[in-house]
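Student: I should like to work through this structure by question and answer. Could we begin once the sequence and model are in view?

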Amino acid sequence: MLETSKESLIALCTKGQIKQDLSRIWSHTHLISKLLKSCVDRRSLFPVQQLHSITITAGCSKTKFISNHLMNAYAKLGQLRTAQNMFDKMPDRNVMSHNILIGGFIQNGELGTAIEIFNKMGQRNSASWNAVIAGMIKFEFNDEGLRLFANMHTEGFLPDVYTLGSVLRGCAGLKDLIKGTQVHGYVMRSGSEFDLVVGSSMAHMYMRCGSLREGESVIQLMPVHNVVAWNTLIAGLVQNGCATGALDQYNLMKMAGFRPDKITFVSVISSCSDLATLGQGQQIHTEVIKAGAMSVVSILSSLISMYSRCGCLNDSVRVFDEREGAKDDHVLWSSIIAAYGFHGKGHEAIKIFNRMEREGLQANDVTFLSLLYSCSHCGLEEKGLEFFDLMIKKYKLEPQIKHYTCVVDLLGRAGHLEEAERFIRSMPIKPDTITWKTLLSACKTHKNADMASKIAEEILKIDPQDSASYVLLSNTQATAKRWQDVSKVRKSMRERMVKKEPGLSWFELKNQVHLFVMGDKSHPEFNKIDLYLKELMDELKLHGYVPDIGLVMHDMDVEEKEYNLVHHSEKMAVAFALMNTPEGFPIRIMKNLRVCDDCHVAMKYVSLVKNREIVVRDASRFHHFRGGSCSCGDYW
């Protein structure tokens, strides 16, 4: 009966005819709060204004009960100035009046105004503190949020599960394990460790701080799980580089009867991107379609990235072209620009950006980062510098360290090493190791051993344990046949106990990932692979391939150098793929480091001799080998 009355009254409100049924409202004043809540749920402003008008006419607008509910409706519908006006005219405000206004301003992004109201409050309750603490942490003022939490405790207010959840998220934002552990201790003393909100926030805190085992333990000890708990665990595994574990937990989640939501899908699609497991990525794409989630921007963006990182650029383009809704979302446009750039399609990336501008979409710093990256990997130096200029002058965007690094890469790849160094030293922000290593890599490419030594010194001032810098410097010196300098670099590595990151390559076969490492004979088919590799190299030599033994960075005899080259991880991976896939089947190899010059040349010959498309993803980009050539040309 009550629900019928509420629905009929809302209908009258919508039609502007509510004055015909005033008696029913005043005989059931509790209906007003329910009516207003329904108006908020339906995002209907006009009925709220109708009710407000009636309360003024009836002389009830200054009643706290009615005023608070009206103000709450206005605040939640984004009519903050109306809510503020009501608040200012209230002769008798209470704590709820202040809390409603604080919550409204925070919801609408006006944290500063909310804090001003909070500071002027005479009396507060726990909800007042919770709202402002949560607001500060939501807008990433984590230190301030934690300080306010301490003040709350000092003033005698006991935090509840919502306070603790917010504070733990603040510790996660700061990656402050010490403070997070202290809050964990408080949670244990308060008996809130089994609350779903607190437990999930605590696990998130540990995982963001890199303490994966502790985070997993918190989730496992929770007596009841929900989707949020599963999402926390899966996202934490992804953030800590455990992509395989994230996919395992995703499967367990489904087996336990939980339905994945958009947060779950984004995390597991990211796992497939990291592992480059195309088969599993395609399965999850199917599940996204079945769940009706193909209009969610974050999922579409993740799918574009996943297909791109699995070597399937055409599938990335298909997801972008067939997107449902969100046609004007700059995140998706930036994602497809990045996908083209990652595959060395700089001109196509620029065309997408031009389309974006024609359609009046606002590019952001991510868009320009993708454009600069695309230009640097396609030898489009002048165009890249134009975009950097456009970003600053037309779009008024402040470049970040990654944008500056891309410009260094543009100049370095073009051989303008001195100009690149001057650019770094003139940057308004302090260069990091990646910026200097970008130039060091260019020194290696252009065989400038003297500059390489100088640049390596800059890197080692910042991070003396950076193994990649030692390796780049050593390789540059070896290319110049400066074997004594190579020995010095390697001696320095030994003295500082710096270990070179091993080169890994992997290939997915029937949803199983096969890993290859140079010198590692543990693969069950190693002997067959070794024999096949020898035959393959002999066949390539008949077609003109000559091993570049100058790339072997040790002073050893020719036979040993050639053996080392043959057993690079990417060559072993492609041999395994050729042995286990049908003729004409495209091969996709993933590698954790840059592909060396000799392997790059060898892949061209393999694609020609075996008539295969070979796609190699290294630490920098994709290389598409077809018919004896590579899509990246000389800019890889």
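Tutor: Helices here are DSSP runs of H or I with at least four residues, and strands are runs of E with at least two. Please bear in mind that this is a predicted model.

Student: How many helices and strands are there in the protein chain?
Tutor: The C-alpha atoms fill a box of roughly 100 × 55 × 50 Å along the principal axes, and buried residues make up 50% of the 636 residues. Within this chain the count is 34 helices and six strands.

Student: What percentage of residues 63–97 is helix?
Tutor: In an unreviewed UniProt entry, the annotation "repeat: PPR" covers several spans, including residues 63–97 and 329–363. The end C-alpha atoms of residues 63–97 lie 12 Å apart, and those of residues 329–363 lie 10 Å apart. Strand accounts for 0% of residues 63–97, and helix for 74%.

Student: What distance does helix H5 reach from its first C-alpha to its last?
Tutor: H5 comprises residues 64–76, 13 residues in total. At 1.5 Å a residue, the expected value is 18 Å, and the helix comes close to this, reaching 18 Å.

Student: Which residue just after H5 takes a positive phi?
Tutor: Within H5 itself, the buried residues include Ile66, Leu70, Met71 and Tyr74. Just after the helix, phi takes a positive value of about 85°, and the residue concerned is Gly78.

Student: Is Asn125 buried, partly exposed or exposed?
Tutor: Asn125 lies in the loop between helix H8 (111–120) and helix H9 (126–138). Partly exposed residues fall between the 20% and 50% limits of relative accessible area. Because its relative accessible area is 30%, Asn125 is partly exposed.

Student: What distance separates the C-alpha atoms of Asn125 and Asp450?
Tutor: Asn125 and Asp450 are 325 residues apart along the chain. In space, their C-alpha atoms are separated by 67 Å.

Student: Is Lys396 buried or exposed?
Tutor: Lys396 is found in the loop between helix H24 (381–393) and helix H25 (401–413). Although not a glycine, Lys396 has a positive phi of about 55°. A residue counts as exposed over 50% relative accessible area; at 66%, Lys396 is therefore exposed.

Student: Which loop holds Lys447?
Tutor: Lys447 has a positive phi near 55° and is a residue other than glycine. Its relative accessibility is 56%, so Lys447 counts as exposed. The loop is the one between helix H27 (433–445) and helix H28 (449–462).

Student: What distance separates the centres of domain 2 and domain 3?
Tutor: The chain is divided into domain 1 (225–327), domain 2 (422–501) and domain 3 (505–630). Taken over C-alpha atoms, the centres of domain 2 and domain 3 are separated by 27 Å.

Student: Between which domains does the second largest pocket lie?
Tutor: This pocket has a volume of about 320 Å³. Of its 17 lining residues, the closest to the centre are Leu278, Phe507, Glu508, Leu509 and Phe585. Because two domains both give residues to the lining, the pocket lies between domain 1 (225–327) and domain 3 (505–630).

Student: Which element gives the most to the lining of the second largest pocket?
Tutor: The lining divides into ten nonpolar, four polar and three charged residues. Helix H18 (278–290), strand S1 (504–509) and strand S3 (587–591) each supply at least two residues. With four residues, the element that gives the most is S1.

Key:
Residues are numbered from 1 along each chain as its sequence is written. This is a predicted model: local features need pLDDT of at least 70, side-chain atom pairs count only at pLDDT 80 or more; totals for chains, interfaces and linings use all residues. Side-chain values use heavy atoms; hydrogens and water are left out. Domain bounds come from an automatic or database domain assignment. On a 1 Å grid over the protein atoms alone, a cavity is a set of points where a 1.4 Å probe fits but cannot get out, and a pocket is an open set with protein on both sides within 12 Å along at least five of seven lines; lining residues have an atom within 4 Å of a point. Grid points are joined across faces, edges and corners, and a volume is the space filled by probe spheres set on the points. Ala, Val, Leu, Ile, Met, Phe, Trp, Tyr, Cys and Pro count as nonpolar, Asp, Glu, Lys and Arg as charged, and the others, Gly among them, as polar. The expected span of a helix is 1.5 Å times one less than its number of residues. Buried means under 20% relative accessible area, exposed over 50%, partly exposed in between (1.4 Å probe, protein chains only). UniProt positions are given in the numbering used here, feature names are shortened, and annotations may be inferred rather than shown by experiment.
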